[in-house]
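Q: Please take a close look at a single part of the structure shown below. I should like to understand where that part sits and what surrounds it.

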Amino acid sequence: MAGIGLFRIFDPKVRRHLISDEGEVVIDEVRHHWVVFTVPMLEVILAAALLLTMATTSIGGQPVLLAIVLVLLAHAFWQFLTQHRDRFVVTNMRVMRIRGVFSQTVATTPIARVLDITLQKPIIGRMLGYGHFVFESAAQDQGFREIKWVSRPDDRDLTIQRVIQRTGLRASASVDVVQGDEDSDDDGTGPIGMDTAQEVAASTPAPVTAQPARPAPPSGSASKSIFNSERGNWTDDD
């Protein structure tokens with residue numbers, strides 16, 4: 001319970017960065033894989049070993065050893081905070097990266113600007129279950145170039161791809177609004193943004209029916225018509 005409380009105290013509080021009044025929600029909050037805490041844990045173990053040695057033996061230089069213990073513990077705690085507060089967040093509108101301990105950096109970009117994603121899984125990463133994301137997009141200068149130590153990388157990659165796909169479909173459907181088409185009741189009969197089958201049928205003009213053939217003039221008439229129009233008849237007298 002104490003560990004859970006410690007995590008909550010130093011949590012970066014992602015929810016307060018959301019645009020709640022616009023309906024933004026968190027799709028995935030990516031924390032670093034546990035492997036990044038290996039070095040801090042080794043430093044804590046080494047510091048504990050030194051303390052145990054100082055308590056059980058009467059070796060000289062205890063002030064120096066005590067200073068080393070304090071440095072190891074301070075560095076381990078700093079590494080823990082740095083890795084714990086580095087978050088990559090995917091929402092239904094954008095992607096964010098929040099990092100920093102005392103001074104915090106929040107980089108955001110719309111999800112539509114994420115173009116290409118490369119998932120790198122080294123051999124150790126495949127065995128332990130982590131990978132690295134490399135983003136090729138207009139957002140790479142804002143801290144999204146590399147997102148390392150991502151746990152469950154395959155699931156996270158599919159999640160990002162789904163969000164991008166849904167955002168693209170909504171963007172294509174919004175073309176109707178830009179062009180003045182207020183159609184919003186697509187029935188699945190065609191691509192998004194096209195009229196429904198009922199609207200297409202209602203807007204299709206009725207076929208032109210063929211006019212009945214005019215009766216031929218009697219053979220004994222004194223003149224024959226060579227051109228008929230609504231303005232009059234031109235005749236060629238015999």
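A: Two strands are said to pair if DSSP finds at least two bridges between them. Strands themselves are DSSP runs of E with at least two residues, while helices are runs of H or I with at least four, and both are numbered from the N terminus. The structure is a predicted model, in which local features need pLDDT of at least 70 and side-chain atom pairs count only at pLDDT 80 or more, although totals for chains, interfaces and linings use all residues. Residues are numbered from 1 along each chain as its sequence is written, and side-chain values use heavy atoms, with hydrogens and water left out.

The chain has seven helices and nine strands, and the part chosen here is strand β2, residues 87-91. Its pairing is described first. Strand β2 runs antiparallel to β1 (26-30), and four bridges join the two. One of the bridge pairs consists of Asp-28 and Val-90, the latter lying in β2. Strand β2 also pairs with strand β3 (residues 94-99), again in the antiparallel sense and over four bridges. Here Val-90 has Val-95, a residue of β3, as its bridge partner. Val-90 is thus bridged to Asp-28 and to Val-95. Two residues separate β2 from β3, and the two strands form a hairpin.

The next point is burial. A residue is called buried when its relative accessible area is under 20%, exposed when it is over 50%, and partly exposed in between (1.4 Å probe, protein chains only). Five of the five residues of β2 are buried, so the strand is largely enclosed by the rest of the structure. For the chain as a whole, buried residues make up 29% of the 238 residues. In a regular strand the side chains alternate between the two faces of the sheet. In β2, Arg-87, Val-89 and Thr-91 point one way, whereas Phe-88 and Val-90 point the other way.

Phe-88 leads to the interior. A nonpolar core is a set of buried Ala, Val, Leu, Ile, Met, Phe, Trp, Tyr and Cys residues joined through side-chain atoms within 4.5 Å. The largest such core has 15 residues, and those with the most contacts inside it are Phe-88, Val-95 and Phe-135. The elements that give two or more residues to this core are β2, β6 (130-136), β7 (146-151) and α5 (153-173). Apart from this core lies another, of seven residues, among them Phe-37, Leu-81, Val-101 and Tyr-130.

Val-95 shows how β2 is connected with its surroundings. Contact means heavy atoms within 4.5 Å. Leaving aside neighbours within four places in sequence, Val-95 is in contact with residues that include Phe-88, Val-89 and Val-90, as well as Ala-107, Ile-111, Val-114 and Phe-144. Among contacts in the chain between residues at least 6 apart in sequence, 49% join residues at least 24 apart.

Thr-91, also in β2, deserves separate attention. At 0% relative accessibility, Thr-91 counts as buried. Not counting residues up to four places away in sequence, Thr-91 touches Leu-18, Glu-24, Val-25, Val-26, Ile-27, Met-96 and Val-163. A polar contact is a pair of N or O atoms within 3.5 Å; within protein, one must be able to donate a hydrogen and the other to accept it, and residues adjacent in sequence count only if both atoms are side-chain atoms. The side chain of Thr-91 makes such a contact with the side chain of Glu-24, at 2.8 Å. In addition, a polar atom of the Thr-91 side chain lies 3.1 Å from the backbone nitrogen of Met-93.

Two of the elements that share the core with β2, namely β6 and β7, belong to an open sheet of three strands with the order β5-β6-β7 and antiparallel pairing. β5 (116-120) and β7 stand at the edges, each with a single partner strand, so one side of each is left without a neighbour in the sheet. Strands β6 and β7 pair over four bridges, one of the bridge pairs being Gly-131 with Val-150 of β7.

Finally, the confidence of the model should be considered. The pLDDT is the predictor's confidence in each residue, from 0 to 100. The mean pLDDT of the chain is 75, and 65% of its residues reach 70 or more. Among the elements of the chain, helix α4 (residues 123-128) has the highest mean value, 94, and strand β8 (residues 223-228) the lowest, 43.
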